[in-house]
Amino acid sequence: MRLAIRTAVIATMGAAALGLSTSPALAHGGDGGSYGGGGYGGVRAASYINPDNGMPTENPDVEDDSSCARPDQEDRQQLSDRGATNRNVHNDACFLDRKGAKKNGPASFQSSGVGYISACPDPDAGGREYSKLSDTDGDGRMDLCFQSSYQRTGKAGDLEFHARLNNDSKPGTQYVVWCADADRDGCRDERVKDDIRIEWTKKG
């Protein structure tokens, strides 16, 4: 179920306005030159649901070619068993320049509605980069995953951001916004962002 792509394209905004001044990789195009006199023209966010083909968490409603280039942003998934993550949903994301090249920078996944963020992987598996999973509203469900970098582990999924989403309790809709987030406080105040939606349903 492919939704219309709602990526945020930033034309000629400066580093301070975007809150990305700590991310040199986002300041340059594929040829190493700055966009628009130091702006971030053409950099956009793309968030998608990974179909997990061949895995226990495979999502049959998600397009097989779902990717940053062709994001499928809607899924219907049964609730996981109580206390388990056996039907979690993988949300992957990228920053892309005008040529479609992947760029780096601090970013966050922010969840609302039902469900929660069940995993917020360390980008480089114990190196200098880090991740932080938080419950920002104190309701007992993790709703904010900050990552200082995209994945850099030498394995599949490198140069992209990753989070896992789960719901083992109440059917309903989970909305997950992904954004550039240098100030590490979530996506509400950010402009470079994209989103997905999951409809969690009862078993059977």
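This passage walks through the sheet, the nonpolar cores, the aromatic rings and the disulfides of the structure above. The model is a predicted one.

The sheet is a handy place to start. Six strands make up an open sheet, and reading across it gives the order β3-β12-β11-β6-β9-β8. The pairing in this sheet is mixed. At the edges sit β3 (74-78) and β8 (131-134), and each has a single partner strand, so one side of each is left without a neighbour in the sheet. Going from one strand to the next, the twist averages 15°. Strands of a sheet pair through backbone hydrogen bonds, and they can do so either parallel or antiparallel. The edge strand β3 goes with β12 in the parallel sense, over five bridges. Within that pairing, Arg 76 has Glu 199 of β12 as its bridge partner.

A further pairing is that of β2 with β4, which run antiparallel and are joined by seven bridges. Here Tyr 48 stands opposite Asp 92 in β4. Strand β2 is mostly covered, with six of its eight residues buried.

Next come the cores. In soluble globular proteins, nonpolar side chains tend to be buried together. The largest nonpolar core in this model has 25 residues, and the members that touch the most others are Phe 95, Phe 109, Phe 161 and Trp 178. Two or more residues of this core come from each of β2 (43-50), β4 (89-96), β6 (107-113), β10 (161-166), β11 (172-180) and β12 (193-201). Another core, of five residues, lies apart from it, and Tyr 48, Cys 68, Cys 94 and Leu 96 are among its members. Tyr 48, then, is the residue already met opposite Asp 92, while Cys 68 and Cys 94 come back below as a disulfide.

The aromatic rings add some detail to the picture of the main core. The count of aromatic pairs comes to six. One of them is the pair of Phe 95 and Phe 161: the ring centres are 5.6 Å apart and the planes stand at 75°, and since planes over 60 degrees apart count as edge-to-face, that is the label this pair gets. Phe 95 belongs to strand β4 and Phe 161 to strand β10, so the two rings tie together parts that are 66 residues apart in sequence. Both Phe 95 and Phe 161 are buried. Ring pairs also extend beyond these two, linking Phe 95, Phe 109, Tyr 150, Phe 161 and Trp 178 into a cluster. Four members of that cluster, Phe 95, Phe 109, Phe 161 and Trp 178, are the ones named above for touching the most other members of the largest core.

That leaves the disulfides. A disulfide is a covalent bond between the sulfur atoms of two cysteines. There are three in the structure, and with bonded cysteines counted along the chain they follow the pattern 1-2, 3-4, 5-6.

One disulfide joins Cys 68 to Cys 94, with an S to S distance of 1.9 Å. The torsion about its S-S bond is about 85°, so the disulfide of Cys 68 and Cys 94 is right-handed. Cys 68 lies in the loop between β2 and β3 and Cys 94 in strand β4, so this link ties together parts that are 26 residues apart in sequence. Cys 68 is buried at a relative accessible area of 3%, and Cys 94 is buried at 0%.

Another disulfide is formed by Cys 120 and Cys 145, whose sulfur atoms are 2.0 Å apart. The link of Cys 120 and Cys 145 is right-handed too, with 80° about the S-S bond. Cys 120 sits in the loop between β7 (116-119) and β8, and Cys 145 in strand β9 (residues 144-147), so that distant parts of the chain, 25 residues apart, are linked. Cys 120 is buried with a relative accessible area of 11%, and Cys 145 is buried with 0%.

In the disulfide of Cys 179 and Cys 187, the sulfur atoms are 2.2 Å apart. The torsion about this S-S bond is about -85°, so the link of Cys 179 and Cys 187 is left-handed. Cys 179 counts as buried at 0% relative accessibility, and Cys 187 counts as buried at 3%.

Technical notes:
Residues numbered from 1 in each chain as written. Predicted model: local features only at pLDDT ≥ 70, side-chain atom pairs only at ≥ 80, totals over all residues. Heavy atoms only, no water. Core = buried A, V, L, I, M, F, W, Y, C linked by side-chain atoms within 4.5 Å. Buried < 20%, exposed > 50% of the residue type's maximum accessible area, 1.4 Å probe, protein only. Helix = DSSP H or I, 4+ residues; strand = E, 2+ residues; numbered from the N terminus. Pairing = 2+ DSSP bridges. Axes fitted to C-alpha atoms, helices over the stretch in contact; angles between N-to-C directions. Phe/Tyr/Trp six-rings, centres within 6.5 Å; stacked < 30°, edge-to-face > 60°. Disulfide = S-S within 2.5 Å.
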